[in-house]
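Trainee: Could we go through this one together, one question at a time?
Mentor: Sure, have a look at it first.

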Amino acid sequence: HRDLHSFPTRRSSDLLAASTPLREAKRPVAPGSGAADLSGFEALFQAEYPSVVRVAARVLLEAAAAEDVAQEVFLAFHLRYPHGHEGAAPWLRLAAAHLALNRLRGDRRRSRRELGTPERQGAQETPETAALLAETQREVRAALGRIKPPQAALLALRYSGLSYAEVAAALSIPVTQVGVRLRRAEAALRKEVDHDQADASS
């Protein structure tokens, strides 16, 4: 399995090609744009792809699913802003959080099957410790899909490694509010996890 922190190199042209009708043999360029627009998107893609994948991975706990979300988000951005946008990075990160959370909730609604386990375990974990860790992460992931979407998005952004300033930019809120909202979101998540554990032990 792939490490959630190690992602294969991607090119934006590969992503755009996948969305182009098969009859079009030439490399796709956004309508009304030139090579400069595409090279700008390429630079954005290369700079922000790892960060966007990390946001999705914090929710989905699966590298392949996180990469799918990231590519869908970049494609949506390019279609919406073919000439670029000054708030590209915050837009991409928040979109990744929302799309990953939508996927998570969709999975939960479609069935009550066991939610995915992490792809990587510590080298010295015992089977008992690994099972406990996997169960805890399943509970957290399930709880994340039940709390309010803004709180879930905030947690996904922050715990993907973004700074308070980056989280604030993605959510369009003052940086001074991030800490307060984060504590509330953590409390809501903890309440859901505790509820699950109480149900399991009853």
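## Going through the model

Trainee: What is the relative accessibility of Glu72?
Mentor: Glu72 counts as partly exposed. That label sits between two cut-offs: buried means under 20% relative accessible area and exposed means over 50%, with partly exposed in between (1.4 Å probe, protein chains only). Glu72 gets it because its relative accessibility is 40%.

Trainee: Before we go on, what kind of model is this?
Mentor: Residues are numbered from 1 along each chain as its sequence is written, and side-chain values use heavy atoms, leaving out hydrogens and water. Local features need pLDDT of at least 70, side-chain atom pairs count only at pLDDT 80 or more, and totals for chains, interfaces and linings use all residues, since what you have here is a predicted model.

Trainee: How many helices and strands does the chain have?
Mentor: Both are DSSP runs numbered from the N terminus: helices are H or I, at least four residues, and strands are E, at least two. Reading along the sequence gives the pattern α-α-α-α-α-α-α-α. That makes 8 helices and 0 strands.

Trainee: What share of the residues counts as buried?
Mentor: The chain has 202 residues to sort. The share that counts as buried is 41%.

Trainee: Which residue meets Arg103 in a salt bridge?
Mentor: Side chains of opposite charge can pair when their charged atoms come close. To count as a salt bridge, a side-chain nitrogen of Lys or Arg must be within 4 Å of a carboxyl oxygen of Asp or Glu. Here the N to O distance is 2.4 Å, and the pair links helix α4 (residues 88-110), home of Arg103, to a partner 31 residues apart in helix α3. The partner is the residue we began with, Glu72.

Trainee: Which residue forms a salt bridge with Glu166?
Mentor: The closest N and O atoms are 3.9 Å apart. The pair links distant parts of the chain, with Glu166 in helix α7 and its partner in helix α4, 73 residues apart. Glu166 is partly exposed because its relative accessible area is 29%, whereas the partner counts as buried at 8%. That buried partner is Arg93.

Trainee: And Arg146, which residue does it form a salt bridge with?
Mentor: Arg146 lies in the loop between α5 (127-144) and α6 (149-158), and its partner is in helix α8 (residues 178-201), so the pair ties together parts that are 46 residues apart in sequence. Arg146 is partly exposed at 30%, and the partner is partly exposed too, at 23%. The closest N and O atoms are 2.9 Å apart, and the partner is Glu192.

Trainee: What kind of aromatic pair do Phe41 and Phe74 make?
Mentor: Rings of Phe, Tyr and Trp (its six-membered ring) pair if their centres lie within 6.5 Å; planes under 30 degrees apart count as stacked, over 60 as edge-to-face and the rest as tilted. These two centres are 6.3 Å apart. With the planes at 70°, the pair is therefore edge-to-face.

Trainee: What about the rings of Phe45 and Tyr49, what kind of pair is that?
Mentor: Phe45 and Tyr49 are 4 residues apart in helix α2, so about one helical turn separates them. Phe45 is buried at 1%, and Tyr49 is buried at 4%. Their ring centres are 5.2 Å apart and their planes are at 25°, so the pair is stacked.

Trainee: With which residues is Leu44 in contact, leaving aside its neighbours within four places in sequence?
Mentor: Leu44 lies in helix α2 (residues 35-60) and is buried, with a relative accessible area of 17%. Contact means heavy atoms within 4.5 Å. By that rule the partners are Tyr49, Phe74, Phe77, Ala88 and Leu92.

Trainee: Last one: which residues are buried in helix α7?
Mentor: Helix α7 covers residues 164-171, and its buried residues are Val167, Ala168 and Ala170. Seen down the axis they fall within an arc of 165°, so they line one face of the helix; the arc is that of the directions from the helix axis to the C-beta atoms. So the names to keep are Val167, Ala168 and Ala170.
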